[in-house]
Amino acid sequence: MPSKLFSLLSFILFILLSIPAMADNKPFIIDTIPIQHEGRIKPLSTYSEVLLLKTYGKKSFNEMSSEQFLTELLLDSKNALKRPIFNIANPDIVHLLGLEYDSNHKYNFIELLQSMSSRMEMINKLNELDPAKLTGSQSQLLNLYINLMEYFEIARSLSLVKYEFEINNIEVSELLNVNMGDKLNYLDMIQRKARYKQVFHKLREYSKPAQDDILKIGEKLRVLSRDKNAKIFRVMPAQGVRKDNTWFSPWEVMNMGEGTPETAKLISLWTDLAVAYRVKDEELWNKSYLEIIGITSKYIDPNKTYFEKIYNSFDLFKISTGLYLIALLLIGLYAFSGKLVILKVSNVIIMSALIIHGLGLLSRMYIMGRPPVTTLYESILFVGFISVLFSMLLEYRNKNSIGSLIAAFTGSFFLFLSIKYVGDGDSLGVLVAVLNTNFWLATHVVTITIGYGACFVAGLLAHIYLIQKSFNFQDKISHNSTFNNMIGVSLIALFFSILGTILGGIWADQSWGRFWGWDPKENGAMFICLWLITLLHGKLAGQLKPIIFAYGMVLTNIVVVLAWFGVNLLGIGLHSYGFIDSVATNIVLFIIIELSFIIFIISARQLRKKNEV
Amino acid sequence: MNKVLKFLARPDIFFYTLIWLMFLLVMGTVTQKTIGLYQAQERFFSSNILWLFGVLPTPGGMPTMAIVFIGLTSKLLIEEWNIRKLGTITVHIGAMLLLLGGFITGIYSQEGNMVIKEGDSAGFISDYYDVEFAISNAETGKEIFIHDFSKDKAIKLIKTDIAEFKIIQYFDNCSLLKRTGEIDENLRAMATIFSFQKAPLDKQAENNTVCIQYRIEGEEDNDGIYQIFEDMPIIQTFTKNDIKYHIEIRKKRTYLPFAIELIDFEKQSYGGINMAKSYSSDVILKDNGIEWKSLISMNEPLRYKGYVFYQSSFFVNQRGEEVTVLAVVHNIGRMFPYISSIILTLGLLIHILQSVPAMIRRRNAK
């Protein structure tokens, strides 16, 4: 036991020690500077991942990290716009845009923009239609256009601080009162706007080369002024400009003309950052970067943004999935070889995976400052965690590998499932007003999801019991032990389901003025309770034989899935915020698998009875 | 007596009743998609009889839950109480109280909403579903007569002190059609412009508009056929002895012994996006000359004299004024779920502690 504990602690220590190494700030990469995006203040590292996932479908682009990619897009956009960053997997869209489809199907901004601009009439019409009425391809085309525009907006977000003007004509430099060879940005030019107007009005009085340069400056100013609508890059906490907590993009601050000394300082620092990036001045970069962090630290704890960046770089749930899968393979190996050491190793791996899984949940709680379950995605992560935890407690009590098997299976299954529901955007989203209460999220939501987790463990014990019983695996004592475990866990599941449902009722009473409103989600929770009560009473009163009870417990998995995901498909009620389109197919598939299992067991038992006769 | 109780407490009755309850629950949930929450609730959960396939009478939600309640009570009465059964007995008491609370709430609770514009006061709640026929003095607002349609929809004649109203048609939901061609000379007011057409019930109960057509006779100039519907933009009037009256179909009102004034409504959004973070109404409660300032926000209701006011919704009216919508509940059975849930949870916990450790026992110990 001490050796196991030691291995576990070493593993955790390894992870913790790796954090500072991975977190070192590299020069010329913007990652921990905060941005306000989708209602939340987050590090640009998170935003860069969201942007890359939306366009490229991955969290990194070839050799570039998402942060490197974003930094280039902001500060060297000419280069970034040429990169084939748009991943269009649907050949119909590619053909529609008149591009060539190949196995790589990645396209750059410039070629897509050229293609899109001749199809703007169609895109505008699609944009006016009800999104629910669009076909898959139409919706993808519209999304592609939206992503293209967001990408371009980000590329132009800092155009006002980048040096776009170089005065190489002595006559022009004198006219504008700047030094020959000076590099100026949009802001510098705007300060000289009145002077430029005077010069422009007397254009014919100057030499031809000077006239050309003056006209070029005017044209560039006109082109740059188109960027004034760039609003996504909200990196300026503008207290004083507005009373609410809205942040602004540099262009917005300039447009409003109500900046504060702090916003002026920030714009100057972003200018320095742009210069440092262009001339690769590491000292200037670090100085400006730290100063930006210093100013924004008044609005968000820099440790939190730093931590979120670390959380992004680790992908703890992916590590856990890998470990659960390895453990599952090892348990399979143990079933064939019977070597106890393999089971012990797999248990250590499961425990490590569980700790990492838990760290992932804790990290999300720390970043968002709220309980672990607020979205469908988070509920899957949490149910997975609870299932593994309950299973390992069973294993600790029984030491018969069944708990380990269920733990490794549920851990990998739920974490795999979660990938489908993480979505393209930031999985750490803000909450709708009614959910914005930590007390009820921590009590009702957590309790009900613990109930879901316990139900799955009981359901899987039923699967194992039916296999043991039907194929005469192991002895009768083992069968009884599995059966008793199943009843024990189903009682725990009932406890959490009832407690969670009642707490939900009390929350509804506090928020909506009624304990029970027959809303689909409420009915779903009640259905789980009634199902478990019926099975347990049926078993106690003798209506249900053990084998029927076990079939019922297999069906519990279906009941839970319907209550958890299925009711959202109705798209009605006060809880319909969890709705996800693609869920129907998966539910049907799950139900078919579970029913097939029951039919298979019934057939196998019938066959065995015939053979015995 | 004991025999009767034993019969009522039979586990098989309880078992099959639970299965039937689950059937009702599934049907009542799935049909919400097509008929809406209110109708599903009326048909499956609050009903005494459920007409299966329209012809087969089966127990509705109320008798089904009553059977569960009776079963639990009988079981408690005949059961031998001992420490071994402490968990299950406690659970059964908790479940009984929960059902009892549900019954009391269903019978006695009052629910509705209170709509107040910024700067205005309101002293009544409007029911969510039930409507009434109301006559009031147009000048003073004093109510002269009320008929509650939820108690009698089939009424043919409404007798009042000012006139008799013969109800020709009543629709739970209707649509308006513009009249064309020659107009019947008996039609009056809005009835000369529009006719009513019965419309199917909308699954969102609040989208249904109750309409009535009535005839007034023997009142000289007022004689004729009239039509009114819920929330008519121009209120129908009736003048007698130089007094002008308002005649309305409106959501049933319950007057409160106090009033609430809305000082300010505030919607807080997440920065940079138009998504609400919270809503709140700054109000003054006025009761017998005492003014009490209070803030009603999401998950933070105002409780006063048995009434609870919850922040439910808001809108901006045509004049650009902010209007808050408060859900108001008066429920004497409100504490039942709280008490019963504590008892239920405690009972389950005792039961689990009594039985689960033995079930999840180490094999070697066995």
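# Reading charge pairs and folds

Analyst: Let's start inside this predicted model: A:Arg370 and A:Glu378 are both buried.

User: What does A:Arg370 form with A:Glu378?

Analyst: First the general idea: side chains of opposite charge can pair when their charged atoms come close. Here A:Arg370 makes a salt bridge with A:Glu378, and their closest N and O atoms are 4.0 Å apart.

User: Which side chain does A:Asp509 meet in a salt bridge?

Analyst: The partner of A:Asp509 is B:Arg334, with 3.0 Å from N to O. A:Asp509 belongs to helix α22 (residues 476–511) of chain A, while B:Arg334 sits in the loop between β18 (322–330) and α6 (335–359) of chain B, so the pair joins two chains.

User: Is A:Asp509 buried or exposed? And B:Arg334, buried or exposed?

Analyst: The idea is to look at relative accessible area: under 20% is called buried, and over 50% is called exposed. A:Asp509 has 4% relative accessibility, so it counts as buried. B:Arg334 has 16%, so this residue counts as buried as well.

User: Which residue forms a salt bridge with B:Glu143?

Analyst: That is B:Arg250, and the closest N and O atoms of this pair are 2.5 Å apart. When you read such a pair, check where each partner sits along the chain. B:Glu143 is in strand β5 (residues 143–148) of chain B and B:Arg250 is in strand β13 (residues 243–269) of chain B, so the salt bridge ties together parts that are 107 residues apart in sequence. As for cover, B:Glu143 counts as partly exposed because its relative accessibility is 27%, whereas B:Arg250, at 6%, counts as buried.

User: Which residues do salt bridges that share partners join into one network?

Analyst: A:Glu49, A:Lys59, A:Asp315 and A:Lys318 are linked in this way. Over all chains, a search of the whole structure finds 35 salt bridges.

User: Let's turn to chain B as a whole. How many helices and strands are there in chain B?

Analyst: Chain B has six helices and 18 strands. Its radius of gyration is 27 Å, well over the 21 Å that the globule rule gives for 366 residues, so chain B is more spread out than a compact globule. You can also picture a box along the principal axes: the C-alpha atoms of chain B fill one of roughly 95 × 55 × 45 Å.

User: How many of the residues of chain B count as buried?

Analyst: Of its 366 residues, 44% do. The accessible surface of chain B is about 19900 Å², and carbon and sulfur atoms hold 57% of that area. Contacts tell you about the chain path too: among contacts in chain B with a separation of 6 or more, 53% come from residues 24 or more positions apart.

User: How many Å apart are the mean positions of the positive and negative charges of chain B?

Analyst: They lie 15 Å apart, taken over 39 positive and 40 negative charges.

User: One last feature, the backbone angle phi. Where is B:Phe53, in which loop?

Analyst: B:Phe53 is in the loop between β1 (49–52) and β2 (56–59) of chain B. Here the sign is the thing to read: phi of B:Phe53 is near 55°, a positive value in a residue other than glycine. With 76% relative accessibility, B:Phe53 counts as exposed. For another case, try A:Asn177, whose phi is near 60°, again positive in a residue other than glycine. A:Asn177 is found in the loop between α9 (170–176) and β8 (183–185) of chain A, and at 57% relative accessibility A:Asn177 counts as exposed.

How values were computed:
Residues are numbered from 1 along each chain as its sequence is written. Chains are lettered from A and ligands numbered from 1 in the order in which they are written. This is a predicted model: local features need pLDDT of at least 70, side-chain atom pairs count only at pLDDT 80 or more; totals for chains, interfaces and linings use all residues. Side-chain values use heavy atoms; hydrogens and water are left out. Helices (H or I, at least four residues) and strands (E, at least two) are DSSP runs, numbered from the N terminus. The radius of gyration is taken over C-alpha atoms; the globule rule is 2.2 Å times the number of residues to the power 0.38. Buried means under 20% relative accessible area, exposed over 50%, partly exposed in between (1.4 Å probe, protein chains only). Contact means heavy atoms within 4.5 Å. Accessible areas come from the Shrake-Rupley method with a 1.4 Å probe; for residues, only the protein chains shown count as cover. Lys and Arg count as positive and Asp and Glu as negative; His and the chain ends are not counted. The place of a charge is taken as NZ of Lys, CZ of Arg, CG of Asp or CD of Glu.
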